[in-house]
Every structure is written in structure tokens, then in C-alpha cells.
Amino acid sequence: MTSSPRPLQGKVALVTGASRGIGKAIALRLAQAGAKVACVATEASRAEESAQACQAVTPGAKAYGCDVADTAAVQALVDAVQKDLGGLDILVNNAGITRDQLMLRMSEEDFDRVIEVNLKGTWNFCKAASRPLMKCKGKVINITSIVGLTGNAGQANYAASKAGVVGLTKSLAKELAGRGVCINAIAPGYISTDMTAAIDDKAKEALQSKIPLGRIGNPDDIAAAVEFLAGPTGDYITGQTLVVDGGLSL
Ligand code: NDP
């Protein structure tokens, strides 16, 4: 009996924010589906462990480092990935930061930096990767947040950046549909990672009690949705935002 081919066999995927949390789970899931994965973090050394885990399931994985907000560095990284891994078929913009504060206390610097990393970083990679993605009718998955859809007190910068990612996704989906590129967003709810680790136990319990499915999400809940959109299962879906939140935003 022959085993069925893996859905992403022969594809090259680039995942930003792949050193930990959701990005690490996405990178591993795409590697398990057969893709060669470029794992990107602020420094290549930070993404090395993830790249090794990917390499163990699909040879060809490699770690890269850059600040996603640095346009020239992003272009150089995308060029290097194509040269090293032989192309670029799937782009996952997952890197993100928070700098939470009520507006009256939020500094201009904290506003700007969150927009630069979360929104401009996503734009930088979409633009730098657009030519290779058009060549192979590739896929882009942008990680936004339910906060970008609902807003959240204390997260004006973060919510604005994530709402921006939804608008960017819809616009680029319209621009690139004629070239066969599908671009979608995923809006996670509350997922257990370093980003949410600072929330105290009492607040966590209160949050959990508001989730209709009764549990906090884990990174693989998001990775499963990315795999769905990145593979042939996502071939007729574009410009959408898929909410993966256990029903929290209902
Ligand atoms: P983590 O804080 O656990 O990880 C963030 C990742 O982004 C790290 O790999 C980090 O790299 C990378 N990163 C941060 N800044 C930069 C930068 N300037 N340049 C390059 N890489 C950078 O986050 P999560 O896994 O929790 O979140 C991943 C994504 O999911 C984010 O976009 C987040 O907004 C979104 N999200 C998360 C939710 C949650 O509940 N956790 C809910 C909704 C959305 P390094 O290790 O080098 O610092």
C-alpha cells in the first residue's frame, strides 16, 4: 500500500514570528504537510530550534532573522529564501507585538512601533514576495486578531494595526486574484503563548468563562486553520478573515 502524498509536498513556505508561540506551531504544521519552511524571527539564532524541528520532518528548512518593519531587510530576506529553498509558494505573516496602554497614557512611540511591526511588517512581506507568489499562484495568510474586529480598551495601537491587516488582506486579495494568488487572514481569539502569559490567573479564568467552547486556544488550533488555507483546500477562498476563537467574539 502506498501512503498518500502530503498536501504541501514540494512547496516552500515562509513563516514570520516562527521562533515561538503560534508561529512555531504554524511552521511545524506546514513542515508536517510536506513544505520546506523558512522560519523567521528577529535573529536567525532565535528561529534555529523551530527550523531544526521542521527540518526533522521535511528537509530544507532554514532559520532567518530580520526586523519585519525594515523594508530593505525584508526584501533581502525574501530574495535569500528563494535562492536557498528554490522558490516561495506560501507566505504566513505572523510576527506581532503588543504595547498595551490606555490612550491617555500611550506614547507616540508605542503607537508607531506596533503599527510598524504588525501592519507595515505584513505589507513589507506581501510586497517583497508578490512576484514569486504570482509566478506560482501562491497563498498568503496574515495573522490578525479578533481585537482588530471588536476593538479593545488598552489596545488602540494593536487593534488599529490588526484592523489594518484585515483591510490590507481584502485589498491585496482583489489586486492579486487575477494572478491566482489567494490572500486571507486568520483572527485568533485568546491563545496560550508568551504574548498572553502576563495575564494573571484570575483574569484568565474570567476570560475562559466567556469562551463558548470552554477552553483557551492553543497554537495548533491556529496552525490547523493556516494549513487549511495554505493547501489545495484553500484554492477558492480569498479576501476572507477566518475567526478561530472558540466562539469568544460571538
Ligand atoms: P509571541 O509573542 O509568542 O511571538 C511573537 C513572534 O513574533 C516571535 O517569533 C518574535 O520573534 C516575532 N517578532 C516580534 N517582533 C518582531 C520583529 N520586529 N521582527 C521579526 N519578528 C518579530 O506571539 P504569539 O505567538 O502569541 O502571536 C503570534 C501572532 O498572533 C501575532 O501577530 C499576534 O498578534 C497574533 N495573535 C495572538 C493572540 C494570542 O492570544 N496569543 C491572539 C490574537 C492574535 P523573537 O522571538 O525573535 O522575538
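This briefing covers the overall dimensions, the sheet, two helices that lie across it, and the ligand site. The model is predicted. The protein chain has 9 helices and 7 strands. Its radius of gyration is 17 Å, close to the 18 Å that the globule rule gives for 250 residues, so the chain is as compact as a globular protein of that length. An open sheet of 7 strands pairs in parallel, and the protein buries 94% of the area that the ligand exposes when taken alone.

**Overall dimensions**

- Along the principal axes, the C-alpha atoms of the protein chain fill a box of roughly 55 × 45 × 35 Å.

**The sheet**

- The strand order in the open sheet is β3-β2-β1-β4-β5-β6-β7, and the pairing is parallel.
- The edges are formed by β3 (62-65) and β7 (241-244), each of which pairs on one side only.
- From one strand to the next, the twist averages 20°.
- Strand β1 (residues 12-16) and strand β4 (residues 90-93) run parallel and are joined by 3 bridges.
- Opposite Leu-14 stands Leu-91, a residue of β4.

**Helices across the sheet**

- Helix α6 (residues 156-176) lies across three strands, namely β5 (139-143), β6 (182-188) and β7.
- The direction of α6 is at about 160° to β6.
- Helix α9 (residues 219-230) lies across β4, β5, β6 and β7.
- The direction of α9 is at about 155° to β5.

**The ligand site**

- There are 31 residues around the ligand, and those that come nearest are Ser-19, Thr-42, Arg-46, Tyr-158 and Thr-193.
- Tyr-158 places a polar side-chain atom 2.5 Å from an oxygen atom of the ligand.
- For Arg-20, a polar side-chain atom lies 2.8 Å from an oxygen atom of the ligand.
- Ile-22 contributes through its backbone, where a polar atom is 2.8 Å from an oxygen atom of the ligand.
- Taken alone, the ligand exposes 900 Å², and 94% of that is buried by the protein.

Technical notes:
Residues are numbered from 1 along each chain as its sequence is written. This is a predicted model: local features need pLDDT of at least 70, side-chain atom pairs count only at pLDDT 80 or more; totals for chains, interfaces and linings use all residues. Side-chain values use heavy atoms; hydrogens and water are left out. Two strands pair if DSSP finds at least two bridges between them. Helices (H or I, at least four residues) and strands (E, at least two) are DSSP runs, numbered from the N terminus. Axes are lines fitted to C-alpha atoms, for helices over the stretch in contact, and angles run from 0 to 180 degrees between N-to-C directions. Contact means heavy atoms within 4.5 Å. A residue is near a molecule or strand if one of its heavy atoms lies within 4 Å of it. A polar contact is a pair of N or O atoms within 3.5 Å; within protein, one must be able to donate a hydrogen and the other to accept it, and residues adjacent in sequence count only if both atoms are side-chain atoms. Accessible areas come from the Shrake-Rupley method with a 1.4 Å probe; for residues, only the protein chains shown count as cover. The radius of gyration is taken over C-alpha atoms; the globule rule is 2.2 Å times the number of residues to the power 0.38.
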